[in-house]
Amino acid sequence: MLIDAESYQRILGDELRKLRRKRGWTRKELNQHLQSEISLQTLATYELGTRHCSVVRLVELCVAMDELPQDLLAKVHRRVFVDEPGRVRVDLRQVIKDEQEELLPLRRWANDRLKRSSDNGSAEVHLDLAALERMAELCGIPTVDLIGRLRRLNPS
C-alpha cells in the first residue's frame, strides 16, 4: 500500500487543529500548555500540514491537549486509508474532472456510475483491490500507479 506523505501530513494537521479547537484553545493558549515553547507560526504550519512534526513534538502536542497520540494517529489513519485495508475511496466527480489520458476508461465508468446513482446523490465509492486491478488493466497502467493517482484526486 502506498502512503501519500503530503496527504497524510495535511490530515494530521487537520486533526491537530480539530483537537485544539475542541478544547476551545487558540494557538497561543495551546503554546502555553506545551512543555517546550514553539512559535505560533510553527504551530500553524503543523496544523496546515506544511511542516513535518517530529514524533516527540507530536506526543507533546497530544499530551498538552489530553489526547493519546495513538488515538490521534488512528483518526488520521482512518481518514487516509478509509478504515479498510485494500480499499480506496474514490470521488466520482473528481475522476470525471481529471484529464489524464490514461484514465479515460475510468472517467467513462465514473460518469456512468454517477448518472446511475444520481437518485441518492452519492458520488463517493470504495473500491477493493480486485476492482482496482481490473481498472488498472483497462487503463493500461500498474495497479499501484492507479491507486496513487486516485488518492491524489481525492485529498481528504
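This is a short tour of three stops in a predicted model.

**Stop 1: R17**

Select R17 and show helix α1, which covers residues 5-22 and includes this arginine. Where does the side chain of R17 make a polar contact? Display the side chain of D14: the two side chains meet at 2.7 Å. Next, add E47 and L48 to the selection. Both are in contact with R17, once its neighbours within four places in sequence are set aside. Is R17 buried or exposed? Its relative accessible area is 17%, and the limit for buried is under 20%, so R17 counts as buried.

**Stop 2: V59 and its patch**

Move to helix α4 and select V59, which is placed there. Then add V55 and V63. Together with V59, these residues form a nonpolar patch on the surface, and the accessible area of the three comes to about 270 Å². Colour by accessibility and look at V59 itself: the relative accessible area is 34%. This value lies between the 20% and 50% limits, so V59 is classed as partly exposed.

**Stop 3: D66**

Now go to the loop between α4 (55-64) and α5 (69-81), and select D66 within that loop. What is notable in the backbone of D66? Check phi: the angle is near 60°, a positive value in a residue other than glycine. Switch to a surface view to finish. D66 has 65% relative accessibility, and because the limit for exposed is over 50%, D66 counts as exposed.

Definitions and conventions. Residues numbered from 1 in each chain as written. Predicted model: local features only at pLDDT ≥ 70, side-chain atom pairs only at ≥ 80, totals over all residues. Heavy atoms only, no water. Helix = DSSP H or I, 4+ residues; strand = E, 2+ residues; numbered from the N terminus. Buried < 20%, exposed > 50% of the residue type's maximum accessible area, 1.4 Å probe, protein only. Polar contact = N/O pair within 3.5 Å; in protein donor to acceptor, adjacent residues only side chain to side chain. Contact = heavy atoms within 4.5 Å. Patch = residues over 30% accessible without salt bridge, like charges linked within 9 Å, V, L, I, M, F, W, Y side chains within 5 Å. Areas by Shrake-Rupley, 256 points an atom, 1.4 Å probe, with all protein chains shown as cover. Salt bridge = Lys/Arg side-chain N within 4 Å of Asp/Glu carboxyl O.
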